[in-house]
Amino acid sequence: MFDLELSAAHPLTAYGWDDGFAESFTPFAGRGFVPGRVVRVDRGRVDAVVPDGDGLRTVLADTALVATSDPMRVPCTGDWAVIDLANGRGGGHVDGVVRALLPRRTAFLRSTSSKRSEGQILAANVDHAVIAVSLADALDLGRIERFVSLAWESGAQPLVALTKADLVPDPAGLAHLVADAETVAPGVQVLAVSAEAGEGVDVLGAVLAGGTSALLGQSGAGKSTLANALVGEEVQDVQAIRDRDGKGRHTTTTRDLLALPGGGVLIDTPGLRGVGMWDAEAGLARTFSDVETLAGDCRFHDCAHETEPGCAVLAAVASGELAERRLESYRKLQRENLRIVAKTDARLRAELRRDWKQKQALGRHMMERKRGTGR
């Protein structure tokens, strides 16, 4: 039977197991189930690391019992699962079945499309959200603001990694790029790293040691190369950069959870062509704390910062205290977030109406059967 007591020597501790998750597992203890950390998800099955005596092993578990049409509740890399190894389903090489998922502490969410109202979970139970931004391109401050907002909203601590720093040989120029990123991500650590040259990797590894981290960013941002450098071996496939522009190609196709040599684990996610806002009001407020602070001095509490008299935000733009680009980005992300929230609310209302109608129809059917049988 699995021992719930936590100790430094416990095999799952290296994967993030602690007293809090042990407590969540309590209702399942003594029933022949074991906890497992999901390291990979693939077509209705998951690879999970589970205790095996004093060590660990990776098992393949079927997820049919926790299958759901809700994309926000499907198993995700980083989840802690309750796994039944004694009564596995599916045959073949399947070792067990997932009976339940333990409550998530954090979840990095994005909208799947600006035209739909569905969310997608990219990683679960993450302590650090590492946002990889390649210096092979001009620094896209708006993209940093977008990712940082979603990271704050997830409950994780954001960290911006400016990858391929070796492509910026001028130290003063590199320092300027770091400063620009710090300006649009208040309270967020920004590190310039080069996996190829080994610059900044040790510092980043020290920050991430002991917890769960997720690498996020666009395709070609160098996430897999950075993951290999942090792990210390070639665990992720990497394709050569394109000669014409120095950009990397998309290589990672699944979200894989990798053990770090200094302790902790890293989730390498596939490159994202786009990342839509998903009910990130608090995250936006934290990312744009400078704008929010200025807004507190506006004459009207519902100031839209457009043409209103006494607008402290517009005054800051006019004086040069606040960059106009920064305000435009704030407006854009706020509008996008409001749209997705409105769509989500409308979808939930439609689902509630549908469920109510189904219950009404079922009630009428039962009454008719009762009358028909005279009971």
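Start with the aromatic rings: this structure has six aromatic pairs. Select tryptophan 17 and phenylalanine 21 to see one of them. Their ring centres lie 6.4 Å apart and their planes sit at 25°, so this pair counts as stacked; the cut-off for stacking is under 30 degrees. Keep in mind as you click around that this is a predicted model.

Stay on those two residues and switch on a surface. Are they buried or exposed? Tryptophan 17 has a relative accessible area of 2%, which makes it buried. Phenylalanine 21 is buried as well, at 5% relative accessibility.

Now widen the selection to Trp17, Phe21, Phe25, Phe28 and Trp80. Ring pairs tie these five residues together into a cluster. While phenylalanine 21 is still on screen, add arginine 105, which lies over the face of that ring at 3.7 Å from the ring centre.

There's another arginine of this kind to look up. Pick arginine 286 and tryptophan 152: the charged end of the arginine sits over the tryptophan ring, 3.7 Å from its centre.

Time to zoom out and switch to cartoon view. The protein chain has nine helices and 13 strands. Of its 375 residues, 44% are buried. If you draw the contacts between residues at least 6 apart in sequence, 64% of them join residues at least 24 apart.

Next stop, the sheet. Colour strands E10, E9, E8, E11, E13 and E12, and you have an open sheet of six strands in exactly that order, with mixed pairing. Which strands form the edges? They are E10 and E12 (256-259), each of which pairs on one side only. Neighbouring strands in this sheet are turned by 25° against each other on average, direction ignored.

Select E9, residues 157-163. Six of its seven residues are buried, so the strand is largely enclosed by the rest of the structure. Side chains in a regular strand alternate between the two faces of the sheet, so try looking at E9 from both sides.

Then check what E9 pairs with:

- Strand E8 (residues 128-134) pairs with E9 in the parallel sense over seven bridges. To find one of the bridged positions, click isoleucine 131, whose bridge partner in E9 is valine 160.
- Strand E10 (residues 189-192) runs parallel to E9 and is joined to it by four bridges. Here, alanine 161 has leucine 191 in E10 as its bridge partner.

Now bring in the helices that connect these strands. Show helix H2 (residues 141-154) with E8 and E9, and you have a right-handed β-α-β unit. Carry on along the chain with helix H3 (residues 171-184): E9, H3 and E10 make a right-handed β-α-β unit too.

Hop over to another part of the sheet and select E11 (residues 212-217) together with E13 (residues 265-268). These two strands run parallel and are joined by four bridges. For a landmark, use leucine 215, which has aspartate 268 in E13 as its bridge partner.

Last stop: glutamate 336. You'll find this residue in helix H9, which spans residues 324-373. Glutamate 336 has a relative accessible area of 16%, so it counts as buried; the cut-off is under 20%. What does glutamate 336 touch, not counting residues up to four places away in sequence? Show Arg146, Gly276 and Met277 alongside glutamate 336 and you have its contacts on that count.

Key: Residues numbered from 1 in each chain as written. Predicted model: local features only at pLDDT ≥ 70, side-chain atom pairs only at ≥ 80, totals over all residues. Heavy atoms only, no water. Phe/Tyr/Trp six-rings, centres within 6.5 Å; stacked < 30°, edge-to-face > 60°. Buried < 20%, exposed > 50% of the residue type's maximum accessible area, 1.4 Å probe, protein only. Lys NZ or Arg CZ within 6 Å of the ring centre and 35° of its normal. Pairing = 2+ DSSP bridges. Right-handed = clockwise from strand over helix to strand, strands pointing away. Axes fitted to C-alpha atoms, helices over the stretch in contact; angles between N-to-C directions. Contact = heavy atoms within 4.5 Å.
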